[in-house]
Amino acid sequence: MKPGRFITVEGIEGVGKTTNIRFLTSAVEAHGHTVLTTREPGGTPMADRIRELLIEHGDEPMPDIAELLLMFASRALHVNNVIQPALAAGTWVICDRFTDSTRAYQGGGRGFPQQDINRLADWVHGDLQPDLTILLDAPVEMGMRRAGRRGEPDRIEIERDGFFDRVRACYLQLAAAEPDRFVIVDASQDLEAVRRAIEGICAALCANDN
Ligand code: Z5A
């Protein structure tokens, strides 16, 4: 059985990850592949409970180190219980956020050294890396404006003082450092243009896979 491909979609909030994953899923399915779409943090029943802890406004403070380790605890459940079994069964997995989110938010945003994050990543999913990462990139104010239409911000969305600028800058650095894995899509374009870009990326990936 040929293993499935692992595609991740990244970017700051409101850039259109959820919206464009729908286009991407349809495009990959149209090439004849079975697709599992999933997201982080979360993706399994127990990991979804960790997600709630991470994004809700709780009574107890969340130290940055606890946030970092909970991201990886959620990921360990997700990788072992969902992602790896699906890939092994030949299913393509499209994941809304993965370890690049940790590099960007906990690394770029909170200031944890990338080498510490990469050590945890090696430990949790050393042999599993995305085949392709689509970075949807748009100015922070645009993402905020789009996300703001949805209601009350969660615990991470309320960050200020340049947090999301650092997250975006870190994403762009990660993409520059790994040009073979990352494709950057200009998410400030209208939805139709973004969809066409996603379909082009998908066509190239599927052509290479035959
Ligand atoms: N987090 C972390 O810190 N570390 C980690 O390791 C991981 C995550 C894995 C939850 O993520 C939080 O966890 C997140 C990062 C952190 N916190 N923040 N901030 P999430 O993925 O669940 O939350 P999110 O990034 O905030 O997702 P989102 O706000 O749902 O954004 P989105 O999926 O990118 O956007 P969307 O829902 O597809 O689109 C938003 C709106 O814009 C919607 O009305 C669309 O119709 C509209 N839209 C989208 N694209 C366009 C274009 N091109 N034109 C016009 N309108 C558009």
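In the predicted model, strand β1 (residues 6–10) runs parallel to strand β4, and the two are joined over 4 bridges. Within this pairing, E10 stands opposite L135 of β4. Strand β4 also pairs with strand β5 (residues 182–186), again in the parallel sense, over 5 bridges. Here the bridge partner of L135 is I184 of β5. Residue L135 thus faces E10 and is also bridged to I184.

These pairings belong to an open sheet of 5 strands, arranged in the order β2-β3-β1-β4-β5 with parallel pairing. The edges of the sheet are formed by β2 (35–39) and β5; each has a single partner strand, so one side of each lacks a neighbour in the sheet. On average, neighbouring strands are turned by 20° against each other when direction is ignored. Helix α8 (residues 191–209) packs on this sheet and touches β1, β3 (92–96), β4 and β5. The direction of α8 makes about 170° with that of β4.

The surroundings of strand β4 (residues 132–137) were examined further. A residue is counted as buried when its relative accessible area is under 20%. By this criterion, 6 of the 6 residues of β4 are buried, and the strand is therefore largely enclosed by the rest of the structure. Burial applies to both faces of the strand: L132, I134 and L136 are buried on one side, while T133, L135 and D137 are buried on the other.

Methods: Residues are numbered from 1 along each chain as its sequence is written. This is a predicted model: local features need pLDDT of at least 70, side-chain atom pairs count only at pLDDT 80 or more; totals for chains, interfaces and linings use all residues. Side-chain values use heavy atoms; hydrogens and water are left out. Buried means under 20% relative accessible area, exposed over 50%, partly exposed in between (1.4 Å probe, protein chains only). Two strands pair if DSSP finds at least two bridges between them. Axes are lines fitted to C-alpha atoms, for helices over the stretch in contact, and angles run from 0 to 180 degrees between N-to-C directions. Contact means heavy atoms within 4.5 Å.
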